[in-house]
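These are my notebook entries on a structure that is new to me. I set down what I looked up, one topic at a time.

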Amino acid sequence: MIASEIPYDVQYGDIGIMDRRLDFTVDPINFAGLAEYVTELRTRGIKFMTILDPAISVGEPAGTYPAFDLGQEMDVWIKKSDGTPMRGRVWPEDHVYFPDFHKNATREWWIYLIKQFHEELDFDSLWIDMNEPGNFVNGDIVQGCPTNSINQPPYLPRVRQNSLYDHTLCPDHIDSAGIHYNTHNLYGWSESEPTATATTQAVGKRTFALSRATFLGSGRWVTHWLGDNWSSWDNLHFSIIGMLQFNLFRIPFNGPDICGHQLDATAELCGRWMQLGAFYPFSRNHNAYGKLDQDPAAFNGSIIEISKTAMSIRYHLLPYLYTLLAQHSMIGGTVARALWAEFPTDPETAGIDRQFMWGSGLLITPVLDEGATTLRIYIPDARFFDYFTGWEVPVRKAWDEFPITPETIALDIRGGSILPTQGPAVNTNLARQNELGLIVALDDLMEAKGSFYYDAGDNLDPIGSGEYFWAEITQDRFVVLNYTVTVNGYADMNRQVMGNITVNGGPARTNIRVNGVDHTEFFMTPESQLNIYNLALVANEDFIVEMS
């Protein structure tokens with residue numbers, strides 16, 4: 001990835017890094033030197049996230065595995081009806097116990113273990129898996145699930161194998177909040193808060209936790225990926241649906257395994273998935289053990305270039321995405337959203353799940369079909385401009401179809417929008433050193449507006465503490481652009497430079513004045529795109545750009 005110059009920020013450790021798949025361990029043979037490698041990655045601006053499963057092995061010699069020994073001492077396990085711990089089977093070689101995360105003692109135990117583990121492996125964030133909870137057997141590995149009205153209730157929802165305990169715990173197993181029949185869907189939820197708390201305490205700065213199992217309110221503590229998907233074209237399409245659903249569930253920072261988890265991804269599929277994946281709020285390529293390599297650098301040169309281009313666009317637009325996430329944190333709302341959310345009176349948008357938007361300003365139309373030579377796209381009733389050229393899309397409230405190449409992904413900026421940008425780089429740390437910019441797309445009234453949020457990137461609770469920056473930007477009649485700072489609590493914002501402004505959709509301009517001073521470094525393109533460059537404006541100060 002580094003040699004190919006494909007932008008990425010995070011290297012992940014899956015269960016393979018563990019010693020015999022035991023939580024809170026590192027394989028001393030196959031991953032010897034991992035701690036030093038994590039340190040080396042950090043010097044390159046790359047972070048490291050590793051994994052924990054909830055189930056704890058019971059088979060280690062007494063006194064050798066603190067996770068189990070301390071868990072026994074603090075009595076943190078889910079129990080059977082006879083009061084003994086429930087035994088299951090997951091990834092470790094031996095049987096496992098399942099922690100009761102509803103219990104305060106379990107929360108303290110889990111937080112302590114995470115903080116201790118961080119002293120061994122300096123991870124930046126944690127990912128929690130198998131927390132539905134997943135079990136490789138049905139119920140208890142010794143006795144299964146006894147026959148009773150809880151384990152075999154008279155009414156069932158549609159569930160796998162018509163069993164509530166298929167590959168999970170028995171409904172009559174007991175935790176401190178009640179029986180598993182009532183708390184099953186809360187298992188990942190109950191693990192989330194102590195994981196998020198412990199990770200923040202261990203790392204000492206802003207981080208995040210990623211959970212496979214979620215419930216109402218999980219977004220308060222964790223983000224989400226969409227689970228073990230398949231390397232198939234239909235799953236490429238379905239991923240958009242899942243991403244949009246979880247935005248409605250108030251977990252906007254979500255996405256699937258790019259290129260798929262199960263099966264082997266082809267070069268064409270992975271190239272198209274990297275193009276779409278650049279626009280998942282949470283963007284991660286994740287493979288299953290034993291499958292063909294699918295990191296984009298493992299493919300041929302064309303897939304590397306496709307991936308580099310797509311991810312560079314993501315990094316160019318990260319200030320816009322970050323602003324959308326900040327808005328969600330402050331007032332709610334979605335980040336990735338369906339077209340019907342922006343155009344609710346247009347019945348054509350109701351069934352569209354092959355396109356989506358970032359906020360109200362960017363329309364994203366990926367290629368989702370194998371061997372496709374054309375792309376069909378719906379343009380709602382607004383002005384839209386091609387991200388790459390500034391060319392105005394010639395249709396409105398209509399479908400359009402055009403020929404494509406393997407490099408094609410359709411990105412269109414909605415008229416009336418202003419998107420903050422940055423110069424792309426191979427990771428966020430480096431991109432933050434580049435100059436900022438604005439993309440303006442004019443609506444029918446020749447106006448546009450947008451917001452811009454920025455902060456240190458890793459400070460704790462920047463919004464609550466006021467240690468952030470916010471600007472409101474308006475474009476009036478393609479005559480005056482006003483950049484107005486409303487919150488200036490990020491001390492280092494004076495180091496950020498606003499370097500360029502691009503305006504789409506207006507008539508030709510021959511004079512530009514910036515804060516009352518003539519500015520000669522600009523040009524118009526044949527697509528009526530105005531490009532103003534070399535502005536060198538301090539980003540935390542108000543400015544006015546006049547165009548005539």
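Entry 1, the sheet of six strands. I began with an open sheet of 6 strands, whose order is S1-S2-S6-S9-S10-S11 and whose pairing is parallel. I noted its edge strands as S1 (10-13) and S11 (254-255), each of which pairs on one side only. I record here that the model is a predicted one.

I then looked up one pair within this sheet. Strand S2 (residues 47-52) and strand S6 (residues 125-128) are joined in the parallel sense by 4 bridges. In this pair, Thr 50 is placed opposite Leu 126 in S6.

Entry 2, a helix over the sheet. I asked which strands H5 lies across. I found that H5 lies across S6, strand S9 (209-211) and strand S10 (222-225), and that it runs at about 165° to S6.

Entry 3, the packing of two helices. Two packed helices are described by the angle between their axes and the distance between the axes. I therefore looked up both values for helix H3 (residues 104-120) and helix H5 (residues 187-203): the angle is about 35° and the axes are 9 Å apart. I entered the crossing of H3 past H5 as right-handed.

Next I listed the residues that meet. From H3 these are Arg 107, Trp 110, Ile 111, Ile 114, Lys 115 and His 118. The residues they meet in H5 include Glu 191, Glu 193, Pro 194, Thr 195 and Ala 198; Gln 201, Ala 202 and Val 203 are also among them. By type, the residues of this contact are 7 nonpolar, 5 polar and 4 charged.

Entry 4, the second largest pocket. I noted a volume of about 770 Å³ for the second largest pocket. Its lining has 31 residues, and those closest to the centre of the pocket are Glu 132, Asp 166, His 167, Thr 168 and His 184. Which elements give two or more residues to this lining? I found helix H4 (180-183) and H5. H5 gives the most, with 3 residues. The lining divides into 15 nonpolar, 11 polar and 5 charged residues.

Entry 5, the cavity. How many cavities of 30 Å³ or more does the structure hold? I found 1. The volume of the largest cavity is about 30 Å³. I listed its lining as Lys 80, Ser 81, Gln 143, Pro 146, Asp 172 and His 173. Of these lining residues, 1 is nonpolar, 3 are polar and 2 are charged.

Entry 6, the sheet of three strands. I also looked up an open sheet of 3 strands, with the order S3-S5-S4 and antiparallel pairing. Its edge strands are S3 (56-57) and S4 (87-88), and each pairs on one side only. S4 is joined to strand S5 (residues 96-97) by 2 bridges, and the two run antiparallel. Here Gly 88 is found opposite Val 96 in S5.

Entry 7, a loop residue. I located Asp 444 in the loop between strand S22 (436-441) and strand S23 (448-454). With which residues is Asp 444 in contact, leaving aside its neighbours within four places in sequence? I found Arg 383 and Arg 396. I also checked Asp 444 against Val 335: they are 109 residues apart in sequence, and their C-alpha atoms are 25 Å apart in space.

Terms used:
Residues numbered from 1 in each chain as written. Predicted model: local features only at pLDDT ≥ 70, side-chain atom pairs only at ≥ 80, totals over all residues. Heavy atoms only, no water. Axes fitted to C-alpha atoms, helices over the stretch in contact; angles between N-to-C directions. Left-handed = near helix turned anticlockwise from the far one by under 90°. Contact = heavy atoms within 4.5 Å. Nonpolar A, V, L, I, M, F, W, Y, C, P; charged D, E, K, R; others polar. 1 Å grid on protein atoms, 1.4 Å probe; cavity = no way out; pocket = protein on both sides within 12 Å on 5 of 7 lines; lining within 4 Å. Points joined across faces, edges and corners; volume = space filled by probe spheres on them. Pairing = 2+ DSSP bridges.
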